[in-house]
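This briefing was prepared to accompany the sequence and the model displayed below. Please keep both in view while reading.

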Amino acid sequence: MKNIIVADSCALILLAKCGMLELLAEAIPVIIPVGVYNEVVNKELLKKYADAVVISDLVSKKRIKVVPVKYKSFRIPISMDKGEVEALVLATQTAAPVVATDDRKAIKACRYLKIPFIISPKIAVELYRMDKIDFERVKSGIEKMKIIGRYSPDIIAEALLELEVIRNAKNSHRQGS
């Protein structure tokens, strides 16, 4: 995961709630369109939600960059919220993007447009693979995603299994050294 992450609202919120957005922003450049920022951070949201505060803080520290989107002719055969559309437009205007999204329609649009994407449980797994987070914390975060995200049990089970495989590989590598 060496690319630039273009995040939409749902991914930002879920990763912030699970304590992984800061780690992602440290590991990989994260950019968001203005429309996404406006969806997740405003005075009302900052009063009500800790995740809005986390996102606002990362933007003010320039660890997440807010980028204006230049609309040209952009057509997709799916109706989506403005933030998700802007994230896709921004991805088409960015070199080597990966769209971070948990939105079913945005995932379908990424497939249609042939834009690489990643969902939050996979981001968690990649952060562990990159040694940016310890096993217990990442496992806890993925289990939290199971509760607050809209994932099938299969997606969560696959992420947890992948974590175990990576942990076993790391442990056997350490023992072999």
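The points that follow cover the sheet, the nonpolar cores, the largest pocket and several individual residues.

The model is predicted. It contains an open sheet of five strands with parallel pairing. The largest nonpolar core comprises 43 residues, and the largest pocket encloses about 660 Å³ of space.

**The sheet**

- The strand order across the open sheet is β3-β2-β1-β4-β5.
- Strands β3 (64-67) and β5 (117-118) occupy the edges; each has a single partner strand, so one side of each is left without a neighbour in the sheet.
- Strand β1 (residues 4-7) runs parallel to β2, and two bridges join them. Ile-5 of the one stands opposite Val-30 in β2, and Val-6 has Ile-31 as its bridge partner in β2.
- Strand β1 is also parallel to β4, to which four bridges join it. In this pairing, Ala-7 stands opposite Ala-100 in β4.
- Strand β2 (residues 30-33) pairs with β3 in the parallel sense over four bridges, and Pro-33 stands opposite Val-67 in β3.
- The residues of β2 point two ways: Val-30 and Ile-32 to one, Ile-31 and Pro-33 to the other. All of these residues are buried.

**Nonpolar cores**

- In soluble globular proteins, nonpolar side chains tend to be buried together.
- Within the 43-residue core, the residues that touch the most other members are Ile-5, Leu-12, Ile-64 and Met-145.
- Ile-64 is in contact with Leu-12, Leu-21, Ala-25, Val-30, Ile-32, Leu-58 and Val-59, leaving aside neighbours within four places in sequence. Two of these contacts, Val-30 and Ile-32, point one way from β2.
- Another core lies apart from the one just described; it has 17 residues, including Val-89, Leu-90, Val-99 and Cys-110.

**The largest pocket**

- Which residues lie nearest the centre of the largest pocket? They are Cys-10, Asp-102, Asp-103, Arg-104 and Arg-150, from a lining of 22 residues.
- The elements that give two or more residues to this lining are α1 (9-17) and α7 (104-113).
- Helix α1 provides the largest share of the lining, namely five residues.
- By class, the lining contains nine nonpolar, three polar and 10 charged residues.

**Two buried residues: Val-98 and Ser-56**

- Val-98 belongs to strand β4 (residues 97-100). Its relative accessible area is 10%, which is under the 20% limit, and Val-98 is therefore buried.
- Leaving aside neighbours within four places in sequence, Val-98 is in contact with Asn-3, Ile-4, Ile-5, Val-6, Pro-116, Phe-117 and Ile-118.
- How many residues apart in sequence are Val-98 and Pro-116? They are 18 residues apart in sequence, and their C-alpha atoms are 5.0 Å apart in space.
- Ser-56 is located in helix α5 (residues 50-60). With a relative accessible area of 18%, under the 20% limit, Ser-56 also counts as buried.
- Not counting residues up to four places away in sequence, Ser-56 touches Tyr-37, Val-41 and Leu-46.

**Two residues with positive phi: Lys-62 and Asp-131**

- Most residues other than glycine have a negative phi.
- Lys-62 is not a glycine, yet has a positive phi of about 60 degrees. The residue lies in the loop between α5 and β3.
- Is Lys-62 buried or exposed? Lys-62 is exposed, because its relative accessible area of 73% is over 50%.
- Asp-131, likewise not a glycine, has a positive phi of about 60 degrees. Its place is in the loop between α8 (120-129) and α9 (135-148).
- Asp-131 has a relative accessibility of 55%, which is over 50%, and so counts as exposed.

How values were computed
Residues numbered from 1 in each chain as written. Predicted model: local features only at pLDDT ≥ 70, side-chain atom pairs only at ≥ 80, totals over all residues. Heavy atoms only, no water. 1 Å grid on protein atoms, 1.4 Å probe; cavity = no way out; pocket = protein on both sides within 12 Å on 5 of 7 lines; lining within 4 Å. Points joined across faces, edges and corners; volume = space filled by probe spheres on them. Nonpolar A, V, L, I, M, F, W, Y, C, P; charged D, E, K, R; others polar. Pairing = 2+ DSSP bridges. Core = buried A, V, L, I, M, F, W, Y, C linked by side-chain atoms within 4.5 Å. Buried < 20%, exposed > 50% of the residue type's maximum accessible area, 1.4 Å probe, protein only. Contact = heavy atoms within 4.5 Å.
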